[in-house]
Amino acid sequence: MPSFHNGAVEIAYLDEGEGDPIVLVHGFASSKNVNWIYPTWVSDLRKDGRRVIALDNRGHGDSEKLYDSAAYEIAIMASDVIALLDHLGIERADIMGYSLGSRMTAILAREQPQRVRSAILGGIGIGLIEGGGPGENVAIALEAPSLEDVTDPVGRTFRAFADQTRSDHRALAACLRGSRRLMTSDEAAEIGVPVLIAVGTRDEIAGSAAALGRIIPGAEVLNIPNRDHMRAVGDKVYKVGVIDFLSRRQ
């Protein structure tokens, strides 16, 4: 698996296919494999004639594990994406995130629009601004000796997912505590690149896609029917909507 360094931190990534580049940024406690390879996003986007790039966020997958929450400040995590583009010599790319990855993508769309051809915000709605995702209860669950020791229902969900993905629990707890900074409404309103917001209609973590769409100028909203936060990722409606959006963006 290829890797590069952003400062001292080693980041693993994949780079497959040819065509317009799209960078995929996975969610909390996930990985490029779980979010993008297994649900066939990589192969489907390649079939659509795209160069598909995906990284393991710091603390996740095959990337370096860090245990200081300050190393996971959301802008620092977003800088790994730009460092990857620089490493590959790519000036500008479409970027699709999911959940935490979408928060990173939104920061890049606002702060470095010259590098972002379009931004696809999967699994995040008004939660980008108002919060409501995993909190300290999840960090505590990750640090528990075992899943059986976790009583909080949300904590159990994320701990079970982290166990399933064989994640480093301490690194994830540090990531969760370090990456909590939210975007303000005024900041979101400054995003000027083409944006697609895609959220499952049963997603109780992301918050309203329509509410965020009213704040980001010109944003399109894609409702993924009858899918919650975990099950929306590989949905066919999501994939068809993204490929259609990419075909129309400038």
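These legends describe close-up views of helix 7 and of the loop before it in a predicted model.

**View 1. Helix 7 spans residues 153-164.** Helix 7, a DSSP run (H or I, at least four residues) numbered from the N terminus, has 12 residues and reaches 16 Å from its first C-alpha to its last. This is close to the 16 Å expected at 1.5 Å a residue, where the expected span is 1.5 Å times one less than the number of residues.

**View 2. Buried and exposed residues of helix 7.** G155, F158, R159, F161 and A162 are buried, meaning under 20% relative accessible area, with exposed over 50% and partly exposed in between (1.4 Å probe, protein chains only). These buried residues cover an arc of only 160° around the axis, which puts them on the same side of helix 7; the arc is that of the directions from the helix axis to the C-beta atoms. On the other side of helix 7, P153 and Q164 are exposed.

**View 3. The ends of helix 7.** At the N-terminal end, D152 caps helix 7, with a side-chain oxygen 3.2 Å from the backbone nitrogen of V154. R166, which follows helix 7, has a positive phi, near 55°.

**View 4. D149 in the loop between helix 6 and helix 7.** D149 counts as partly exposed because its relative accessibility is 47%.

**Notes on all views.** Residues are numbered from 1 along each chain as its sequence is written, and side-chain values use heavy atoms, with hydrogens and water left out. In this predicted model, local features need pLDDT of at least 70 and side-chain atom pairs count only at pLDDT 80 or more, whereas totals for chains, interfaces and linings use all residues.

Note on methods. Helices (H or I, at least four residues) and strands (E, at least two) are DSSP runs, numbered from the N terminus. A polar contact is a pair of N or O atoms within 3.5 Å; within protein, one must be able to donate a hydrogen and the other to accept it, and residues adjacent in sequence count only if both atoms are side-chain atoms.
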